[in-house]
Structure formats: C-alpha cells, structure tokens
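Student: I have a structure to go through with you. I want each label justified by its value and its cut-off.

Tutor: Show it, and ask away.

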Amino acid sequence: NHITIIKYNSKIFFSMKKQLLAVAAMIAFGFMNAQAPLEKGGTQFNAGFGISGWGTPVYAGLDYGIATDLTVGAEGSYRSYNQTGFKSSIIGLQVNGNYHFNKILSIPSKWDFYAGASANYYIWNTDSAYELLAEDSGFGIGFQVGGRYFFSDKFGVNLEGGSGNSTTGGKLGITYKF
C-alpha cells in the first residue's frame with residue numbers, strides 16, 4: 001500500500017518537474033537577444049567544472065576581446081584527488097588566446113565557436129608515496145576548442161575540450177559578459 005502511494009507521488013513529481021522545465025525553457029527562449037562572440041574591448045567571466053582522471057577541477061577565468069574575433073584570457077583552476085593510499089592536489093594557472101569563427105562560418109550570434117592555444121603552469125602536491133607525479137609540475141602548452149550558447153546579451157553556457165592544461169579532457173560552465 002505504501003509502495004503504491006510512493007509510485008503515484010513520484011509520477012506526479014516527475015510530471016510537475018517536466019512542466020516546470022518546459023515553462024522555464026519558454027521564458028528563457030522568449031528573452032533571447034544574444035550577441036556573441038566577445039567584441040573588441042569586452043570582458044567576460046567564465047567558471048565551471050572540468051573533466052579529469054585526477055579529480056574534478058573547478059575553474060574560473062576572464063577573457064578580453066583584443067580585436068575582431070580574437071580574445072586573450074587568464075584562468076585559474078584547482079582539483080584534488082583522494083584515493084586509498086594516495087592524495088594529491090593540483091593548482092593550475094593558464095593564459096590563452098582564441099580565434100572565434102562566427103563571422104567566417106556565418107554562425108548565429110547566440111552561438112560562439114572558438115579554438116586556440118594556451119600556456120599553463122601547474123603546481124602538483126602529493127603525498128610521499130607518489131612524489132614522482134609531483135615532478136610533472138611546471139610549464140605546459142595546450143590547445144582548446146569550444147563553444148558557448150548565450151541565453152541573453154550577458155549570460156551563457158560554455159563547453160570546451162582541450163589538452164595540456166589542468167582541465168584536460170573538457171570543461172562545462174557558465175559565461176557572464178561585463
């Protein structure tokens with residue numbers, strides 16, 4: 001008898017959840033008037049989570065428009081990894097440059113597609129049993145390709161894949177234009 005009530009209540013909950021998501025999507029799409037990519041002299045803040053075999057990185061950074069379709073940026077990240085007999089943490093600092101392909105590919109303004117290169121510095125701390133991994137600390141060069149979707153002139157989501165940085169594998173987050 002209790003199981004029947006739980007099943008019935010969960011059906012109502014999921015039905016209400018779907019309706020709420022549909023209404024939220026309609027509101028978000030109704031207010032869309034996005035402009036991307038970042039224009040010359042513009043600044044945007046990016047933050048989110050990465051994908052890595054050594055824990056889940058958290059990152060934050062800024063991008064600055066230096067010319068039409070060109071941005072430079074700086075980013076910091078942190079991740080820790082704890083497993084039986086092994087603990088580590090990695091702090092990453094990065095500068096990057098990206099080319100934005102919207103104009104040459106005629107991509108709608110609510111989207112931003114980019115690719116570029118980055119220079120990185122890592123500080124890898126680990127327990128004494130795995131000190132050899134800490135020797136990987138230091139300078140690195142990486143490449144990235146990514147995209148953003150803007151819900152409004154200022155707010156969007158981003159997805160990026162890349163190599164050679166502390167969020168190697170990919171990252172997902174938000175973007176806010178100043």
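**From hairpin to barrel**

Tutor: Start with the hairpin of E2 and E3, which has 2 residues between the strands; Asp69 there takes a positive phi near 70°. Keep in mind that this is a predicted model.

Student: What makes the phi of Asp69 worth a remark?

Tutor: Its sign and its residue type. Most residues other than glycine have a negative phi. Asp69 is not a glycine, yet its phi is positive, about 70°. Asp69 sits in the loop between strand E2 (58-67) and strand E3 (70-83).

Student: Is Asp69 called buried or exposed, and why?

Tutor: Its relative accessible area is 9%. Buried means under 20%. So Asp69 is buried.

Student: Which residue in the loop between helix H2 (102-105) and E5 can I set beside it?

Tutor: Ser106. Ser106 has a positive phi of about 50° and is not a glycine.

Student: Why does Ser106 count as exposed?

Tutor: Its relative accessibility is 64%. Exposed means over 50%. Therefore Ser106 counts as exposed.

Student: What positive phi occurs in the turn between E1 and E2?

Tutor: That of Gly55, about 100°. This hairpin has 6 residues between its strands.

Student: How do you know that E1 and E2 pair?

Tutor: Count the bridges. Pairing needs at least two. E1 and E2 have 7, in the antiparallel sense. One bridge partner of Phe49 is Val58 in E2.

Student: How many bridges join E2 to E3, and how many join E3 to E4?

Tutor: E2 and E3 run antiparallel and are joined by 9 bridges. Leu62 stands opposite Ala74 in E3. E3 and E4, also antiparallel, are joined by 14. There, Tyr78 has Ile91 in E4 as its bridge partner.

Student: What makes this a barrel?

Tutor: Closure. 8 strands close in the order E1-E2-E3-E4-E5-E6-E7-E8, with antiparallel pairing. From one strand to the next, the twist averages 30°.

Student: How do you know that strand E1 pairs with strand E8?

Tutor: Again, two bridges are the minimum. E1 (residues 43-51) and E8 (residues 170-177) share 8 and run antiparallel. Among them, Gly48 partners Gly173, and Ile51 partners Gly170.

Student: Where do the helices fall along the chain?

Tutor: The chain has 3 helices and 8 strands. From the N terminus, the elements run α-β-β-β-β-α-β-α-β-β-β.

**Charges and burial**

Student: Why is the contact of Arg148 with Asp63 called a salt bridge?

Tutor: The cut-off is 4 Å between a side-chain nitrogen of Lys or Arg and a carboxyl oxygen of Asp or Glu. Arg148 and Asp63 are at 3.1 Å, N to O. That qualifies as a salt bridge. Arg148 lies in strand E6 and Asp63 in strand E2, so the pair ties together parts 85 residues apart in sequence.

Student: How do you know that Arg148 is buried?

Tutor: The limit is under 20%. Arg148 has 5% relative accessibility, so it counts as buried. Asp63, at 7%, counts as buried too.

Student: What makes a network of salt bridges here?

Tutor: Asp63, Asp112 and Arg148 are linked. Asp112 and Arg148 meet in a salt bridge at 3.0 Å, N to O. Asp112 is buried, with a relative accessible area of 3%.

Student: How close are Lys171 and Glu75?

Tutor: Their closest N and O atoms are 2.5 Å apart, in a salt bridge. Lys171 lies in strand E8 and Glu75 in strand E3, so this pair ties together parts 96 residues apart in sequence. Both residues, Lys171 and Glu75, are buried. The whole structure has 4 salt bridges.

**The nonpolar patch**

Student: Which residues form the nonpolar patch on the surface?

Tutor: Tyr78, Ile91, Leu93, Tyr121, Ile123, Phe139, Ile141 and Phe143, with about 840 Å² of accessible area together. Strands E4 (86-100), E5 (111-126) and E6 (138-150) each give two or more residues. E6 gives the most, with 3.

Student: Why can Ile91 be in the patch and still count as partly exposed?

Tutor: Patch residues need over 30% relative accessible area. Partly exposed lies between 20% and 50%. Ile91, in strand E4, has 34% relative accessibility, so it counts as partly exposed.

Terms used:
Residues are numbered from 1 along each chain as its sequence is written. This is a predicted model: local features need pLDDT of at least 70, side-chain atom pairs count only at pLDDT 80 or more; totals for chains, interfaces and linings use all residues. Side-chain values use heavy atoms; hydrogens and water are left out. Patches are made of residues with over 30% relative accessible area and no salt bridge: like charges are joined within 9 Å, nonpolar side chains (Val, Leu, Ile, Met, Phe, Trp, Tyr) within 5 Å. Accessible areas come from the Shrake-Rupley method with a 1.4 Å probe; for residues, only the protein chains shown count as cover. Helices (H or I, at least four residues) and strands (E, at least two) are DSSP runs, numbered from the N terminus. Buried means under 20% relative accessible area, exposed over 50%, partly exposed in between (1.4 Å probe, protein chains only). Axes are lines fitted to C-alpha atoms, for helices over the stretch in contact, and angles run from 0 to 180 degrees between N-to-C directions.
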